[in-house]
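Thanks for sending this one over. Here are my notes, point by point, to read with the model open beside you.

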Amino acid sequence: RWEILKTFSEKNQNLKTNLFKFEDNDFIPIDTVNALYQSNISDWNHWIFGKIIECQNKIEFKYIANKKKEKLKDNEIKRKGNSLFLNRLLSPFSSDKIFIKNFQLPFFQKLVLHFQLGNFIFKPNESNYPNFVENLDLRKKIFKNIKFSNNFEKFLIEILSLSIPKVFLEGFLQMDKILNTLDWPKKPEVILTSYDYIGDEIFKFYTAKNVDQNKSKYIISQHGGSLGILDFKINENLFPNISDKFLSWGHKNKFDNTTPLFFTKKTSYKFSRKKKLDGILIPMTEFEVYPSLPETVSSRRDTIKFLDEFDKFTNILDKKISNTIKIKYRNPFEQVKLNPKVKKGILADGFLYQKERLIAQYKSKMIYTEISSLRLSKNFKLVIELVNGTGFLELLANNIPVILIMSSKNNILNNYAKGF
């Protein structure tokens, strides 16, 4: 965003704009999930572009009104909490040497793993946390002595002070009290997950505390595609750096603590495919509205280009083949565990652009379902994937006829992947 405005102001002279005025604490996120997804809200983007315009001082601006952002109440912000009766029943017989939470394996394989390890807590109980009150003085104090040498660093320091989730700062001491209400193992030797290092704040606090104080070993297992096979992946080095052991889906990297495992989503079911199949299934995923991850389709402009290329592809197909196409639409954001008000706001801000355009062009071909492409594939002769991700690898691992068609500008393969 900084570079977008910098380039724009260099190419154009005498620019003027009007801005809404937000309070500095309006966009301090409660937790990681809110921090990740609020960048797809128009108000947040208006605020951040306004901050950049102020700092760069290249575009003349004036504030036309104060815009008040609605605050969420505690009962609107809390995560799902539960205390399972079955956990209480099995806890005395379950080993406390290993803590497993959201580890990705097919159901029966996971069941066998738990029994082999003597761990009978299959779904650990959860707890809630409130919408902690932000402390601007504390945030300014943390960054007070950091020196900057240019306008960008000045802007970055200010935004960082307003971007640390409250659960890590204002809520830090209270999180320890919340943790004590859970019946998770007190001193596990091993902690294992595939997902919860991302957005489960209580799990992250629990893990950090046990790794630091009890020397617990922390194992992360890969849960999604494209790791190890792209020329550039922004979080490629994160997982082996924050864990004692990283279990990949088969690739090896420069880190000694990475162990190639296998495709953990591979199903053990035998698909009864029809003898005579017809038709092509094309899964499509909604992309972010505003500038986002640089290794994928990362903005509205990129989405438009992607859909233009898709139109060209369908237009050159033989009419008989084209008539058999079904497009399975998926919006991953709809599955994100966010407050309904926040989620509705983001969806209303244009996070349905791809869906709207596909409906306009291919309404009779659209499929809306939560059923995976893998399970739907039994009804089709071929699946065509357009993104190098989990869906493609899942089909490949299950020996389903699939073709991957990739843009030369996004999801570029590295030399290791090209060898296959």
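1. Glu201 and Lys204 pair in a salt bridge, their closest N and O atoms lying 2.8 Å apart. This is a predicted model, so please read every value here as computed from it. The two residues sit three apart in helix 10, which means that about one helical turn separates them. Glu201 is buried, because its relative accessible area of 2% falls under the 20% limit.

2. While you are looking at helix 10, follow its path over the sheet. This helix, residues 201–213, lies across strand 3, strand 4 (190–193) and strand 5 (217–221). Against strand 4 it runs at about 150 degrees.

3. The sheet itself is open and has five strands, in the order 3-4-5-6-7 with parallel pairing. Strand 3 (98–100) and strand 7 (258–260) stand at the edges with a single partner strand each, so one side of each has no neighbour in the sheet. On average, neighbouring strands are turned by 20 degrees against each other, direction ignored. As a general reminder, strands of a sheet pair through backbone hydrogen bonds, either parallel or antiparallel.

4. How many bridges join strand 6 to strand 7? There are three, and strand 6 (residues 245–248) runs parallel to its partner. To find your place on screen, look for Phe246, which stands opposite Thr258 in strand 7.

5. The loop between strand 6 and strand 7 holds Phe255. Is this residue buried or exposed? Phe255 is buried, with a relative accessible area of 16%, and that is under the 20% cut-off. Leaving aside neighbours within four places in sequence, Phe255 is in contact with Asn237, Pro240 and Asn241. Asn241 is 14 residues away along the chain, yet the C-alpha atoms of Phe255 and Asn241 are separated by 8.4 Å.

6. Back to charged pairs: the count of salt bridges comes to twelve. One of them is between the side chains of Lys51 and Glu158, at 2.8 Å from N to O. Lys51 belongs to helix 3 (residues 42–56) and Glu158 to helix 8, so this pair ties together parts that are 107 residues apart in sequence. The partners differ in cover: Lys51 counts as buried at 11% relative accessibility, whereas Glu158 counts as partly exposed at 32%.

7. Helix 8 (residues 151–161) is also the place of Leu156. Together with Phe152 and Leu160, Leu156 forms a nonpolar patch on the surface, and the three have about 230 Å² of accessible area together. Leu156 is partly exposed, with a relative accessible area of 37%. A residue needs over 30% to belong to such a patch, so Leu156 at 37% meets that part of the rule.

8. A further salt bridge joins Lys312 to Glu309, with the closest N and O atoms 3.6 Å apart. Both residues lie in helix 12 (residues 300–315), three residues apart, so about one helical turn separates Lys312 and Glu309. Glu309 is partly exposed, with a relative accessible area of 48%. Elsewhere, Lys101, Glu126, Asp196 and Asp200 are joined into one network by salt bridges that share partners.

How values were computed. Residues are numbered from 1 along each chain as its sequence is written. This is a predicted model: local features need pLDDT of at least 70, side-chain atom pairs count only at pLDDT 80 or more; totals for chains, interfaces and linings use all residues. Side-chain values use heavy atoms; hydrogens and water are left out. Two strands pair if DSSP finds at least two bridges between them. Helices (H or I, at least four residues) and strands (E, at least two) are DSSP runs, numbered from the N terminus. Axes are lines fitted to C-alpha atoms, for helices over the stretch in contact, and angles run from 0 to 180 degrees between N-to-C directions. Contact means heavy atoms within 4.5 Å. Patches are made of residues with over 30% relative accessible area and no salt bridge: like charges are joined within 9 Å, nonpolar side chains (Val, Leu, Ile, Met, Phe, Trp, Tyr) within 5 Å. Accessible areas come from the Shrake-Rupley method with a 1.4 Å probe; for residues, only the protein chains shown count as cover. A salt bridge is a side-chain nitrogen of Lys or Arg within 4 Å of a carboxyl oxygen of Asp or Glu. Buried means under 20% relative accessible area, exposed over 50%, partly exposed in between (1.4 Å probe, protein chains only).
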